[in-house]
Amino acid sequence: MASRLLHRHIREQLKDLPCWPLQKEVTHESLVVGAIENAFQLMDEQMARERRGHQVEGGCCALVVVYLLGKVYVANAGDSRAIIVRNGEIIPMSQEFTPETERQRLQLLGFLKPELLGGEFTHLEFPRRVQPKELGQRMLYRDQNMTGWAYKKIELEDLRFPLVCGEGKKARVMATIGVTRGLGDHNLRVCSSTLPIKPFLSCFPEVRVYDLTQYEHCPDDVLVLGTDGLWDVTSDCEVAATVDKVLSAYEPNDPSRYTALAQALVLGARGTPRDRGWRLPNNKLGSGDDISVFIIPLGGPGSYS
């Protein structure tokens, strides 16, 4: 649904941008960013309305690129990633939104609206699950205001399950979902509970802007978009190395070079079949997640612009 309709919402929002001179503090760039953010919210609201009539479940991440007036706008809601590879340099164009990266936002919401925790969860984080025998003892913790750790005396409420738990790919919100921004998931509830998780999930993307007019781009400069299936097993540097290896094997004016690059990245993340499943060259498991990759050239084929 998002792949069919989100770009239409973005287009409609961009059509409404004013053409007259703006107040000094309101830039055209900020209006484009706001239009994209608003489009994501409208898409999420449409999903909420239509799920009732169509019994639509689930949700998705969304990674969007908009080119307008010499600038590239990259909007990310979820755990996909975008990077620019320019003359071998890596320029991050997004960040992943997970329970770990958004811990303080989630904890703040749980602190301000404890009813969302349903008496089942605590907004505080501890290095490990607190045990009943530890009541009255001191343990490290952190709340929504803290980036470091401090000690507190364990109370009865601290025995509740933490709002944010786990590390890395195993980090979860309310022990259920590992992504904190995206579209949909209006019906998602805590396992064996009626407690909704949607209030903690944001549909708003982070939007980063890249000015194409500030640099001279060659045909080997590209914007790489990938789902977490790519990035779980492939680093930014490894992607940049693949960009150089694949594109250098093609003529600069051959448009198929970008398709070949996308295919190489997907196949590289999937690995090759062996006796114990799909494996990477280092014998680690290949990605078992969805692997989707887009390659967007920043310089026209065969030209430097």
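**A walk through the contacts of a predicted model**

Leaving out residues up to four places away in sequence, Tyr250 touches Ser256, Arg257 and Ala260. Keep in mind from the start that this is a predicted model. Tyr250 sits in the loop that runs between helix H5 (236–247) and helix H6 (256–270). Ala260, one of the residues Tyr250 touches, is 10 residues along the chain from Tyr250, and the two C-alpha atoms are 9.4 Å apart. How much of Tyr250 is accessible? Its relative accessible area is 31%, so Tyr250 goes down as partly exposed.

Now step back for the whole chain. The protein chain has 6 helices and 17 strands, and its C-alpha trace spans about 70 × 60 × 45 Å along the principal axes. There are 305 residues, of which 45% count as buried. If you take the contacts between residues at least 6 apart in sequence, 63% of them join residues at least 24 apart.

The aromatic rings give a nice example of a link between distant parts of the sequence. The count of aromatic pairs comes to 2. One of them is Phe121 with Phe161, an edge-to-face pair with 6.1 Å from centre to centre and 85 degrees between the planes. Phe121 belongs to strand E6 (residues 121–122) and Phe161 to strand E9 (residues 161–162), so this pair ties together parts that are 40 residues apart in sequence. The two rings are not equally accessible: Phe121 has 5% relative accessibility and so counts as buried, while Phe161, at 28%, counts as partly exposed.

Then there is Tyr210 with Tyr215, a stacked pair with its centres 5.8 Å apart and 10 degrees between the planes. Here Tyr210 is the buried partner, because its relative accessibility is 5%. Tyr215, with a relative accessible area of 40%, is partly exposed.

Stay with Tyr215 for a moment, since its ring has another neighbour to look at. The charged end of Arg86 sits over the ring of Tyr215, 3.7 Å from the ring centre. What else does the side chain of Arg86 do? It meets the side chain of Glu89 in a salt bridge, with 3.0 Å from N to O. Arg86 has 11% relative accessibility and therefore counts as buried, whereas Glu89 is partly exposed, with a relative accessible area of 40%. So if you start at Tyr210, you can step to Tyr215 by way of the stacked pair, on to Arg86 over the ring, and from there to Glu89 through the salt bridge. Elsewhere, Arg181 lies over the face of Phe97, at 4.0 Å from the ring centre.

The salt bridge between Glu89 and Arg86 has company: the count for the model comes to 16 salt bridges. Take Glu134 and Arg128, whose closest N and O atoms are 2.4 Å apart. Glu134 is buried, at 8% relative accessibility, but Arg128 counts as partly exposed at 46%. Another one joins Asp158 and Lys152, at 2.6 Å from N to O, and in this case both residues are buried. Salt bridges can also share partners, and that is how Arg81, Glu96 and Asp236 come to be joined into one network.

Finally, have a look at Asp143, an acidic residue with another story. Asp143 lies in the loop between strand E7 (138–141) and strand E8 (150–153). Which side chain of opposite charge is nearest to Asp143? That is Arg103, at 6.3 Å. A salt bridge needs a side-chain nitrogen of Lys or Arg within 4 Å of a carboxyl oxygen of Asp or Glu, and Asp143, although buried, has no salt bridge. Arg103 is still among the residues Asp143 touches, together with Gln107 and Leu124, once residues up to four places away in sequence are set aside. What does lie within reach of the Asp143 side chain is backbone: the nitrogen of Asn145 is 2.9 Å from one of its polar atoms. So for this buried acid, trace the backbone nitrogen of Asn145 as well as the side chain of Arg103.

Key:
Residues are numbered from 1 along each chain as its sequence is written. This is a predicted model: local features need pLDDT of at least 70, side-chain atom pairs count only at pLDDT 80 or more; totals for chains, interfaces and linings use all residues. Side-chain values use heavy atoms; hydrogens and water are left out. Helices (H or I, at least four residues) and strands (E, at least two) are DSSP runs, numbered from the N terminus. Buried means under 20% relative accessible area, exposed over 50%, partly exposed in between (1.4 Å probe, protein chains only). Lys and Arg count as positive and Asp and Glu as negative; His and the chain ends are not counted. A polar contact is a pair of N or O atoms within 3.5 Å; within protein, one must be able to donate a hydrogen and the other to accept it, and residues adjacent in sequence count only if both atoms are side-chain atoms. Contact means heavy atoms within 4.5 Å. Rings of Phe, Tyr and Trp (its six-membered ring) pair if their centres lie within 6.5 Å; planes under 30 degrees apart count as stacked, over 60 as edge-to-face and the rest as tilted. A charge sits over a ring if NZ of Lys or CZ of Arg is within 6 Å of the ring centre and within 35 degrees of the ring normal.
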